[in-house]
Amino acid sequence: MAYGVVHHFPGGTKEQYEASLAAVHPAPDTLPEGQVFHAAGPADDGWTIVAVHESQGSWERFRDGILLPRMQQGIEGGFRAPPEESTFDAYTVRP
């Protein structure tokens with residue numbers, strides 16, 4: 001089952017998002033392996049990202065193998081603090 005992840009970064013900006021995205025995605029306009037959807041934008045005093053992965057396992061591999069290690073190293077110009085996170089089983093995913 002597809003698995004959705006919502007990250008909200010209070011106080012986050014477009015510039016921080018772009019720096020963070022460049023550090024964790026393989027190339028511009030390319031999603032990480034297993035990710036099937038990505039959307040982001042300003043919301044509620046910060047920046048929100050919604051990603052859908054093929055499965056919870058796909059999300060966990062990306063999170064543990066790429067996202068967390070790079071964020072823990074520090075991303076120049078990127079988000080300064082961990083996000084508020086919520087997840088969900090995605091019953092439907094459409095293009």
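Residue classes used below: Ala, Val, Leu, Ile, Met, Phe, Trp, Tyr, Cys and Pro are nonpolar; Asp, Glu, Lys and Arg are charged; the others, Gly among them, are polar. The structure is a predicted model, where local features need pLDDT of at least 70, side-chain atom pairs count only at pLDDT 80 or more, and totals for chains, interfaces and linings use all residues. Residues are numbered from 1 along each chain as its sequence is written, and side-chain values use heavy atoms, with hydrogens and water left out.

**Exercise 1. Fold and dimensions**

Task: State which elements the protein chain has and in what order they run.

Solution.
- Step 1. Assign elements with DSSP: helices are runs of H or I with at least four residues, strands are runs of E with at least two, and both are numbered from the N terminus.
- Step 2. The protein chain has 2 helices and 4 strands.
- Step 3. Read from the N terminus, the order is β-α-β-β-α-β.
- Step 4. Test the overall dimensions. The radius of gyration is taken over C-alpha atoms, and the globule rule is 2.2 Å times the number of residues to the power 0.38. For 95 residues a compact globule would come near 12 Å; the protein chain has 13 Å, which agrees.
- Step 5. Along the principal axes, the C-alpha atoms fill a box of roughly 35 × 30 × 20 Å.
- Step 6. Count contacts (heavy atoms within 4.5 Å). Among those between residues at least 6 apart in sequence, 73% join residues at least 24 apart.

**Exercise 2. Strand E3 and its partners**

Task: Find which strands pair with E3, and in what sense.

Solution.
- Step 1. Apply the pairing rule: two strands pair if DSSP finds at least two bridges between them.
- Step 2. E1 and E3 run antiparallel, joined by 8 bridges. Val-5 has Ala-51 in E3 as its bridge partner.
- Step 3. E2 also pairs with E3 in the antiparallel sense, over 8 bridges. Here Ala-40 is bridged to Ile-49, and Pro-42 to Trp-47.
- Step 4. Look at the turn. The hairpin of E2 and E3 has 2 residues between the strands, and Asp-44 takes a positive phi near 40°.
- Step 5. Check burial: buried means under 20% relative accessible area, exposed over 50%, partly exposed in between, with a 1.4 Å probe and protein chains only. In E3, 7 of the 8 residues are buried. Over the 95 residues of the protein chain, the buried part is 34%.

**Exercise 3. Val-36**

Task: Is Val-36 buried, exposed or partly exposed, and which residues does Val-36 touch?

Solution.
- Step 1. Place the residue: Val-36 is in strand E2.
- Step 2. Its relative accessibility is 42%, so Val-36 counts as partly exposed.
- Step 3. Leave out residues up to four places away in sequence. Val-36 then touches Leu-31, Val-52, His-53, Glu-54 and Val-93.
- Step 4. Add a distance. Thr-13 is 23 residues away along the chain, and its C-alpha atom is 24 Å from that of Val-36.

**Exercise 4. The cavity**

Task: How many cavities of 30 Å³ or more does the whole structure hold, and what lines the largest?

Solution.
- Step 1. Set a 1 Å grid over the protein atoms alone. A cavity is a set of points where a 1.4 Å probe fits but cannot get out; a pocket is an open set with protein on both sides within 12 Å along at least five of seven lines; lining residues have an atom within 4 Å of a point.
- Step 2. Join grid points across faces, edges and corners; the volume is the space filled by probe spheres set on the points.
- Step 3. The search finds 1 cavity. The largest cavity holds about 230 Å³.
- Step 4. Its lining has 20 residues, and the closest to the centre are His-7, Val-24, His-38, Ile-49 and Leu-67.
- Step 5. Elements giving two or more residues are E1 (2–10), H1 (14–24), E2 (35–43), E3 (46–53) and H2 (56–73).
- Step 6. By class, the lining has 15 nonpolar, 5 polar and no charged residues.

**Exercise 5. Two pockets**

Task: Which element gives the most residues to the lining of the second largest pocket?

Solution.
- Step 1. The largest pocket has about 220 Å³, and H2 gives the largest share of its lining, 6 residues.
- Step 2. The second largest pocket has about 170 Å³. H1 gives the most to its lining, 4 residues.
- Step 3. Lining residues of the second largest pocket include Tyr-17, Leu-21, Pro-28 and His-38.
- Step 4. That lining divides into 6 nonpolar, 3 polar and 2 charged residues.
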